[in-house]
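I opened a new page in the notebook today. Here is what I looked up, in the order I went.

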Amino acid sequence: MLSDALKQQIQGAYRQFLDSKSLRPRLGQRLMIAHIARVLGGIKRNQDHKRSGGDHLCVVEAGTGTGKTLAYALAAIPIARECDKTLVIATATVALQEQILQRDLPDILQHSGLSFTLSLSKGRRRYLCLSKLDQILSGGDAATLPLYPDERSAAPDNSALALYTRFADTLASGHWDGDRDNWDSVLPEEQWQRVTTDHAQCSGRRCSHVKQCSFFKARESMAQAEVVVANHDLVLADLALGGGAILPPPEECIYIFDEAHHLPDKVINHFSANFRLGASERWLEQAERSIAPILAIPAMQKSLRGQFDSLLNLLVAAREALNPLRPILVELLEGAVERQGNKQLRFEEGRVPERLAERARELRVAFAALVQHCEAMSDTLQDGLDKGTLEQRRDELEQWLGDVSAMRFRCQNMLALWQSYASDSRTEKPPIARWLTLVDAGQGLRDMELNSSPILAAKTLQSSLWSRCYGAVLTSATLTALGSFKRFSMRAGLYEDASFEVVPSPFNHADAGQLHVPAMSCDAGDAQAHTDALIEMLPQLLDKAAGSLVLFASRKQLNAVYEGVPLSLRSLILAQGELPKHDILRQHRERLDAGKGSVIFGLASFAEGVDLPGKYCSHVVIAKIPFAVPEDPVEEALAEWISANNGNPFMEITVPDAAVRLIQASGRLLRSESDRGKISILDRRIVTRQYGRKMLDSMPPYQQVIE
């Protein structure tokens, strides 16, 4: 139970924040604070502050304008401190991460009376690697072996060397901390990649530069913080390393997942595996070539030379084991179909053809041997650094340790794919999605790529996170579909004892907005007729003096409508694809600030995360119910599995997913309590189909005008 002292602290902090900023309490915000506090405060724990039971997952759907950050921060920070846990706030987007770190949490610190220490957690690649910088400035290159094929370009030119010298001087003077985001100008990606690293290449505490290392300084600062702001990807990267490698261990954390509707898809992407044949062959050849000069060093201990020699032999064996793979993949691609511009073959029920599975079993052995040998070599090199057991220069040992660690990481990724393709798919429930694609490899080249992916994030989240963490809050404006949490709960693997809550929006939708479904003579399923109807209707529907957002389900229709409307309207349109997204939004705002009208034609990326308050968007037009294109192999495999279990994938996946996207799209209209406007849905299936009626019923309670 939540103690009276904690209740008073949370309530007092909320009152003080509102009074300090002359704000009124919001019902949804108050309910959200109470719900989170009740769940987190009710977690059973033992004398060591370890969780001793379930009931530790809290799910809250809260619409735009609720003030979610304030609600979860005020509820969770005092409880995390009381339980001696780190509060990890993870977002899906960089924009929200920066807003929380730079605006929301400092605001809470200033006005709530709560006191807490705060830190930002980033991956190694956001920080300068002093070892690589030192190697470049001393005349060497920053790495002997690139982690991925073709990663390395030519030697740094004079402008790059001048930049690296500035890095060193600015670090030495204390005017820069080595964080890429704190540099005074935008850094070209190629130049930055030379002087940064990741966990696979970093030699960690054994590095001679560790005391001055920007990343480890940031890690030490984070270790002392009570609140850590991260992102979903960083949390998942930590879990993939066993938990506690980047962030505190899950058992010592209370997690807040903001924009939580993204989490299941992030997990699927993060725990998938892929293998490109041509790229991997080139990388193995590069790896072999990188070892030759090492073996040519005369003053090397015999045992270490033997390990490098064995590594070279294993690399050659792995590359040669790939030779029989190419004709198998070429033959399989003869049965592939064109999908999103690439030839693709999905293996039904995840079952790999026997000749490919047999090759996968042999490759699993070859790459497992490579990984095992790299691990043994890493131990040898680490002992050489720690205990002085090797008579080599320290800088050489550090370089080799980084290279061998990078090699192990890349081979582990390859091994994960071969382990998946060699496994017995009949024992997998749910099955793993597996497919082969002929992909564009750049410079006019094509490559063959094998893929493997879970179709649900449920098992991974349960085993890696939910079963281990002290507590977690998942929140977003769109967690329900058709009025139920069932879809999200299935995808996220939430336990039955999880606590679910929908808090009311601060918006008076019925007064603020109208949902309009105009009369149309065609069905949106008839693509050409529907496009012709949009070309005819939009000039009458859109106010040419206002700010409008028109959302399309396909680029093909967007382009056709843009080309088809009269020039008087086309001159007002900013179409996605012609300009970068941020330029479209900037020009749109500038036009309206100048008293002109403007219309954005956008696709899915404009239906979520776009903030156009007030005059910048008074009309949202949704051209078509946003059903997903049925070409994603993971979604196809999920639908196949549901069908095999006597389910209806259209009603269980397609319709709920589209309903969520529809709500997200409509959410572009009201961004504050003072906003007013209109939503038009130009798809009669929303009223003529039973599933459409269900979608309509799940929409926010706008005033509905159905013609």
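**Core first**

I began with the largest nonpolar core of this predicted model. This core holds 55 residues, and F308, L311, L325, L329, L356, F367 and W418 touch the most other members. Next I checked which elements supply at least two residues each, and found the helices α11 (277–295), α12 (302–322), α13 (325–333), α14 (354–387) and α15 (394–422), along with the strands β6 (273–276), β9 (432–442) and β10 (445–454). With twelve residues, α15 gives the most to this core.

I then picked L329 and listed its partners. Leaving out residues up to four places away in sequence, L329 touches L277, L356, L436, M448 and L450.

What else is there besides this core? I found a second, separate core of 44 residues, with L2, A75, L87 and V227 among them. A reminder to myself: nonpolar side chains tend to be buried together in soluble globular proteins.

**Whole chain**

I counted 26 helices and 19 strands. Along the principal axes, the C-alpha atoms fill a box of roughly 85 × 65 × 55 Å. I compared the radius of gyration, 28 Å, with the value near 27 Å for a compact globule of 707 residues, and the two agree.

I also noted that 53% of the 707 residues are buried. Among contacts with a separation of 6 or more, 78% join residues 24 or more positions apart.

**Surface and charge**

I noted an exposed area of about 31,200 Å², of which carbon and sulfur atoms supply 49%. My charge tally gave 80 positive and 87 negative side chains, with the centres of the two sets 2 Å apart.

How values were computed: Residues numbered from 1 in each chain as written. Predicted model: local features only at pLDDT ≥ 70, side-chain atom pairs only at ≥ 80, totals over all residues. Heavy atoms only, no water. Helix = DSSP H or I, 4+ residues; strand = E, 2+ residues; numbered from the N terminus. Rg over C-alpha atoms; globule rule 2.2 N^0.38 Å. Buried < 20%, exposed > 50% of the residue type's maximum accessible area, 1.4 Å probe, protein only. Contact = heavy atoms within 4.5 Å. Areas by Shrake-Rupley, 256 points an atom, 1.4 Å probe, with all protein chains shown as cover. Lys, Arg positive; Asp, Glu negative; His and termini not counted. Charge placed at Lys NZ, Arg CZ, Asp CG, Glu CD. Core = buried A, V, L, I, M, F, W, Y, C linked by side-chain atoms within 4.5 Å.
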